[in-house]
Amino acid sequence: MQWVAVRNDSRAGVLLGNRIGLANNVWTRLRGLLGHPPLTAGEGLLLDPCKAVHMFGMKQALDIAFLSGAGEVVALYPDLKPGQKSSFHRDARQALELPVGTLSQTDTQIGDHLTVETVERPA
């Protein structure tokens, strides 16, 4: 799996995570975070492409940000709980899954611009 870091350029480059897995094929997107231990600060998963998510089978809630192809935040789902699902977002290209509280701690808002950069595999 590839790893990325995500920063919010609209909030002075605040880091949303630097240990974010890139799920960019059918198998990694299908598995997502199912069976994964709860995310800790700095961790996450970037699903690409993705226009909607569900939390069926999940054991922990997540913060979700949907991004356009240009990196603009088009929708936010703070604290999406197990068993819930998002709406379908036609303008979305990616879904960023983060630990609960990350969106509020970084003051990430709809319309913000996020930058995704490849990083070395975390230890």
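Does Y77 count as buried or exposed? At 16% relative accessibility, Y77 counts as buried. Buried here means under 20% relative accessible area, exposed means over 50%, and partly exposed lies in between (1.4 Å probe, protein chains only).

The model is predicted, so local features need pLDDT of at least 70 and side-chain atom pairs count only at pLDDT 80 or more, while totals for chains, interfaces and linings use all residues. Residues are numbered from 1 along each chain as its sequence is written, and side-chain values use heavy atoms, with hydrogens and water left out.

**Overall build**

The protein has two helices and seven strands. Helices (H or I, at least four residues) and strands (E, at least two) are DSSP runs, numbered from the N terminus. In that order the elements read β-β-α-β-β-β-β-α-β. The protein is as compact as a globular protein of its length, because its radius of gyration is 13 Å, close to the 14 Å that the globule rule gives for 123 residues. This radius is taken over C-alpha atoms, and the rule is 2.2 Å times the number of residues to the power 0.38. Along the principal axes, the C-alpha trace spans about 35 × 35 × 25 Å.

Of the 123 residues, 43% count as buried. The protein exposes about 6,600 Å², and carbon and sulfur atoms supply 53% of this area. Accessible areas come from the Shrake-Rupley method with a 1.4 Å probe; for residues, only the protein chains shown count as cover. Among contacts with a separation of 6 or more, 64% are between residues 24 or more positions apart. A contact means heavy atoms within 4.5 Å.

**Strand β3 and its partners**

Four of the five residues of β3 are buried, and the strand is mostly covered. β3 is joined to β2 by five bridges, and these two strands run parallel. One of the pairings is between G21 and L45, the latter in β3. β3 is also joined to β6 (residues 94–98) by three bridges, and here the strands run antiparallel. In this case L46 has L96 of β6 as its bridge partner. Two strands pair if DSSP finds at least two bridges between them.

**The aromatic pair**

How many aromatic pairs does the structure hold? It holds one. The rings of F66 and Y77 have their centres 5.8 Å apart and their planes at 80°, so the pair is edge-to-face. Rings of Phe, Tyr and Trp (its six-membered ring) pair if their centres lie within 6.5 Å; planes under 30 degrees apart count as stacked, over 60 as edge-to-face and the rest as tilted. F66 lies in β4 and Y77 in β5 (residues 73–80), so the pair ties together parts that are 11 residues apart in sequence. F66 counts as buried, at 0% relative accessibility.

**Backbone in the loops**

Most residues other than glycine have a negative phi, and most peptide bonds are trans. The table lists two residues with a positive phi that are not glycine.

| Residue | Phi | Loop | Relative accessibility |
|---|---|---|---|
| A12 | about 60° | between β1 (2–8) and β2 (14–23) | 81%, exposed |
| D107 | about 55° | between α2 (102–105) and β7 (114–119) | 38%, partly exposed |

A cis peptide bond joins D48 and P49, with omega about 0°. P49 lies in the loop between β3 (43–47) and β4 (62–67).
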